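User: Please take me through how the labels used for this structure are justified. I would like each term set against its cut-off before any conclusion is drawn.

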Amino acid sequence: MPKVNGTIGLDDDDFDIATWQLAVDGLAGGAKASLTLADIQAFPKTEFVTELKCVEGWSRRVRWGGTRLVDFARRYRPARPGPDAYVGLATPGNEYYVSLDMASALHPQTLLCYEMEGRPLTYSHGAPLRLAIPIKYGIKNLKCIGRLSFTKSRPPDFWAERGYDEYAGF
(Lines give C-alpha, C1' and ligand atoms only; values in the text may rest on other atoms or scores of the structure.)
Protein backbone atom coordinates (compact mmCIF):
# COMPACT_ATOMS: atom_id res chain seq x y z
CA MET A 1 0.00 0.00 0.00
CA PRO A 2 1.21 3.52 -0.69
CA LYS A 3 1.98 5.80 2.21
CA VAL A 4 -0.81 8.04 3.41
CA ASN A 5 1.07 11.13 2.35
CA GLY A 6 -0.63 14.49 2.59
CA THR A 7 -3.99 15.32 4.10
CA ILE A 8 -4.66 18.78 2.65
CA GLY A 9 -8.33 18.84 1.68
CA LEU A 10 -9.03 15.62 3.60
CA ASP A 11 -9.56 17.14 7.04
CA ASP A 12 -13.26 17.97 6.74
CA ASP A 13 -14.99 16.37 9.74
CA ASP A 14 -18.38 16.97 8.09
CA PHE A 15 -17.50 15.09 4.89
CA ASP A 16 -19.98 12.27 4.19
CA ILE A 17 -18.89 9.73 1.57
CA ALA A 18 -22.50 8.52 1.26
CA THR A 19 -23.67 11.92 -0.05
CA TRP A 20 -20.55 12.75 -2.08
CA GLN A 21 -21.00 13.92 -5.68
CA LEU A 22 -18.56 14.91 -8.40
CA ALA A 23 -19.29 18.35 -9.87
CA VAL A 24 -18.26 18.59 -13.53
CA ASP A 25 -18.14 21.82 -15.52
CA GLY A 26 -16.69 23.15 -18.75
CA LEU A 27 -18.72 20.69 -20.79
CA ALA A 28 -19.82 21.14 -24.40
CA GLY A 29 -22.74 23.50 -24.73
CA GLY A 30 -22.01 25.02 -21.32
CA ALA A 31 -23.51 22.00 -19.58
CA LYS A 32 -22.67 20.96 -16.03
CA ALA A 33 -23.09 17.60 -14.34
CA SER A 34 -23.29 16.25 -10.82
CA LEU A 35 -22.40 12.58 -10.61
CA THR A 36 -22.52 9.93 -7.90
CA LEU A 37 -19.97 7.21 -7.44
CA ALA A 38 -22.48 4.77 -8.97
CA ASP A 39 -22.60 6.97 -12.10
CA ILE A 40 -18.83 6.71 -12.43
CA GLN A 41 -18.79 3.00 -11.67
CA ALA A 42 -21.28 2.50 -14.53
CA PHE A 43 -18.42 3.13 -16.98
CA PRO A 44 -16.32 0.12 -17.98
CA LYS A 45 -13.88 -0.65 -15.18
CA THR A 46 -10.18 -0.53 -16.00
CA GLU A 47 -7.37 -1.86 -13.82
CA PHE A 48 -3.69 -1.03 -14.03
CA VAL A 49 -0.64 -1.83 -11.97
CA THR A 50 1.58 1.25 -12.00
CA GLU A 51 4.22 2.88 -9.87
CA LEU A 52 3.15 5.79 -7.69
CA LYS A 53 6.18 8.08 -7.40
CA CYS A 54 6.50 10.79 -4.78
CA VAL A 55 8.59 13.93 -5.20
CA GLU A 56 10.08 13.00 -1.81
CA GLY A 57 11.84 10.06 -3.47
CA TRP A 58 9.78 7.02 -2.48
CA SER A 59 7.66 4.91 -4.83
CA ARG A 60 5.20 2.02 -4.54
CA ARG A 61 3.68 -0.40 -7.01
CA VAL A 62 -0.11 -0.04 -6.85
CA ARG A 63 -3.02 -1.82 -8.53
CA TRP A 64 -5.66 0.82 -9.33
CA GLY A 65 -9.24 0.28 -10.49
CA GLY A 66 -11.59 2.84 -11.94
CA THR A 67 -12.78 4.70 -15.01
CA ARG A 68 -10.33 5.97 -17.61
CA LEU A 69 -10.57 9.75 -17.82
CA VAL A 70 -10.43 9.51 -21.62
CA ASP A 71 -13.60 7.36 -21.56
CA PHE A 72 -15.25 9.80 -19.15
CA ALA A 73 -14.40 12.69 -21.51
CA ARG A 74 -16.00 10.85 -24.44
CA ARG A 75 -19.34 10.85 -22.64
CA TYR A 76 -18.94 14.17 -20.78
CA ARG A 77 -17.37 16.10 -23.65
CA PRO A 78 -15.22 19.13 -22.85
CA ALA A 79 -16.28 22.42 -24.39
CA ARG A 80 -12.70 22.88 -25.58
CA PRO A 81 -11.13 19.45 -26.22
CA GLY A 82 -7.94 20.44 -28.05
CA PRO A 83 -4.29 20.22 -27.01
CA ASP A 84 -4.35 23.78 -25.63
CA ALA A 85 -7.07 22.90 -23.11
CA TYR A 86 -6.73 21.86 -19.46
CA VAL A 87 -8.37 19.89 -16.69
CA GLY A 88 -8.62 21.22 -13.15
CA LEU A 89 -9.48 18.99 -10.22
CA ALA A 90 -10.13 19.92 -6.59
CA THR A 91 -11.12 18.39 -3.28
CA PRO A 92 -14.70 19.04 -2.11
CA GLY A 93 -13.71 22.13 -0.09
CA ASN A 94 -11.27 23.36 -2.80
CA GLU A 95 -8.39 23.23 -0.30
CA TYR A 96 -6.22 21.12 -2.63
CA TYR A 97 -6.32 21.46 -6.40
CA VAL A 98 -4.30 20.38 -9.41
CA SER A 99 -4.00 21.43 -13.03
CA LEU A 100 -3.35 19.03 -15.91
CA ASP A 101 -2.69 19.65 -19.56
CA MET A 102 -5.29 17.85 -21.67
CA ALA A 103 -2.79 15.38 -23.18
CA SER A 104 -1.76 14.17 -19.71
CA ALA A 105 -5.34 14.06 -18.46
CA LEU A 106 -6.42 11.94 -21.41
CA HIS A 107 -3.43 9.59 -21.25
CA PRO A 108 -4.80 6.03 -21.54
CA GLN A 109 -3.64 5.15 -18.00
CA THR A 110 -5.17 8.17 -16.24
CA LEU A 111 -7.98 6.90 -14.01
CA LEU A 112 -10.79 8.31 -11.98
CA CYS A 113 -9.97 5.70 -9.39
CA TYR A 114 -12.32 4.16 -6.82
CA GLU A 115 -10.33 1.01 -5.97
CA MET A 116 -6.81 0.28 -4.79
CA GLU A 117 -5.41 -3.25 -4.52
CA GLY A 118 -8.84 -4.67 -5.43
CA ARG A 119 -10.67 -2.92 -2.58
CA PRO A 120 -12.63 0.33 -2.35
CA LEU A 121 -10.45 3.30 -1.49
CA THR A 122 -10.15 4.28 2.14
CA TYR A 123 -10.76 7.90 3.05
CA SER A 124 -7.06 8.42 3.84
CA HIS A 125 -6.21 7.19 0.32
CA GLY A 126 -8.78 9.43 -1.37
CA ALA A 127 -12.23 7.83 -1.12
CA PRO A 128 -14.58 7.85 -2.74
CA LEU A 129 -12.75 8.95 -5.92
CA ARG A 130 -9.16 9.96 -6.60
CA LEU A 131 -6.98 10.59 -9.58
CA ALA A 132 -4.40 7.97 -10.51
CA ILE A 133 -2.08 9.41 -13.16
CA PRO A 134 1.10 7.33 -13.46
CA ILE A 135 2.90 9.82 -15.72
CA LYS A 136 2.91 12.40 -12.92
CA TYR A 137 4.36 12.55 -9.42
CA GLY A 138 2.06 11.93 -6.46
CA ILE A 139 1.38 15.64 -5.96
CA LYS A 140 -0.84 15.49 -9.07
CA ASN A 141 -2.67 12.29 -7.98
CA LEU A 142 -5.46 14.24 -6.25
CA LYS A 143 -7.28 12.46 -3.43
CA CYS A 144 -11.03 12.84 -2.87
CA ILE A 145 -12.03 14.62 -6.07
CA GLY A 146 -15.01 16.91 -5.59
CA ARG A 147 -14.80 18.94 -8.78
CA LEU A 148 -13.52 18.31 -12.31
CA SER A 149 -13.37 21.24 -14.71
CA PHE A 150 -12.50 21.33 -18.39
CA THR A 151 -11.00 24.75 -19.13
CA LYS A 152 -9.43 26.75 -21.94
CA SER A 153 -6.85 28.34 -19.63
CA ARG A 154 -4.56 26.75 -17.08
CA PRO A 155 -6.40 26.36 -13.76
CA PRO A 156 -4.68 26.99 -10.44
CA ASP A 157 -2.36 24.31 -9.06
CA PHE A 158 -1.63 24.04 -5.33
CA TRP A 159 2.05 23.07 -5.55
CA ALA A 160 2.86 25.18 -8.63
CA GLU A 161 1.72 28.19 -6.60
CA ARG A 162 4.37 27.16 -4.04
CA GLY A 163 7.23 26.94 -6.53
CA TYR A 164 7.02 23.34 -7.75
CA ASP A 165 7.06 22.51 -11.44
CA GLU A 166 3.61 22.83 -13.03
CA TYR A 167 4.12 19.72 -15.17
CA ALA A 168 5.30 17.51 -12.24
CA GLY A 169 5.86 14.55 -14.55
CA PHE A 170 8.73 12.36 -15.57
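Analyst: A salt bridge is a side-chain nitrogen of Lys or Arg within 4 Å of a carboxyl oxygen of Asp or Glu. This is a predicted model, in which local features need pLDDT of at least 70 and side-chain atom pairs count only at pLDDT 80 or more, while totals for chains, interfaces and linings use all residues. Residues are numbered from 1 along each chain as its sequence is written, and side-chain values use heavy atoms, with hydrogens and water left out.

User: What makes Lys140 and Asp157 a salt bridge?

Analyst: Their side chains meet at 2.7 Å, N to O, and because the limit is 4 Å, the pair qualifies. Lys140 lies in the loop between β9 (130-132) and β10 and Asp157 in the segment after β10, so the pair ties together parts that are 17 residues apart in sequence. Strands such as these are DSSP runs (E, at least two residues; helices are H or I, at least four), numbered from the N terminus.

User: Why is Asp157 called buried?

Analyst: Buried means under 20% relative accessible area, exposed over 50%, and partly exposed in between (1.4 Å probe, protein chains only). Asp157 has 5% relative accessibility, and therefore counts as buried; Lys140, with a relative accessible area of 1%, is buried as well.

User: Which residues are linked with this pair in a network of salt bridges?

Analyst: The network links Lys140, Arg154, Asp157 and Glu166. Within it, the side chains of Glu166 and Arg154 meet in a salt bridge of 3.3 Å, N to O. Both residues lie in the segment after β10, so this pair ties together parts that are 12 residues apart in sequence. Glu166, at 22%, is partly exposed, and Arg154, at 42%, is partly exposed too.

User: How do you know that Asp71 and Arg74 differ in burial, and where do they lie?

Analyst: Asp71 has a relative accessible area of 18% and is buried, whereas Arg74, at 57% relative accessibility, counts as exposed. Both lie in helix α2 (residues 69-75), 3 residues apart, about one turn of the helix, and their side chains meet in a salt bridge of 2.7 Å, N to O.

User: Why are β5 and β10 said to pair?

Analyst: Two strands pair if DSSP finds at least two bridges between them. Strand β5 (residues 86-90) is joined to β10 by 5 bridges, the two running antiparallel, so the criterion is met. Tyr86 has Thr151 in β10 as its bridge partner. Strand β1 (residues 22-25) pairs with β10 in the parallel sense over 3 bridges, and Asp25 stands opposite Ser149 in β10.
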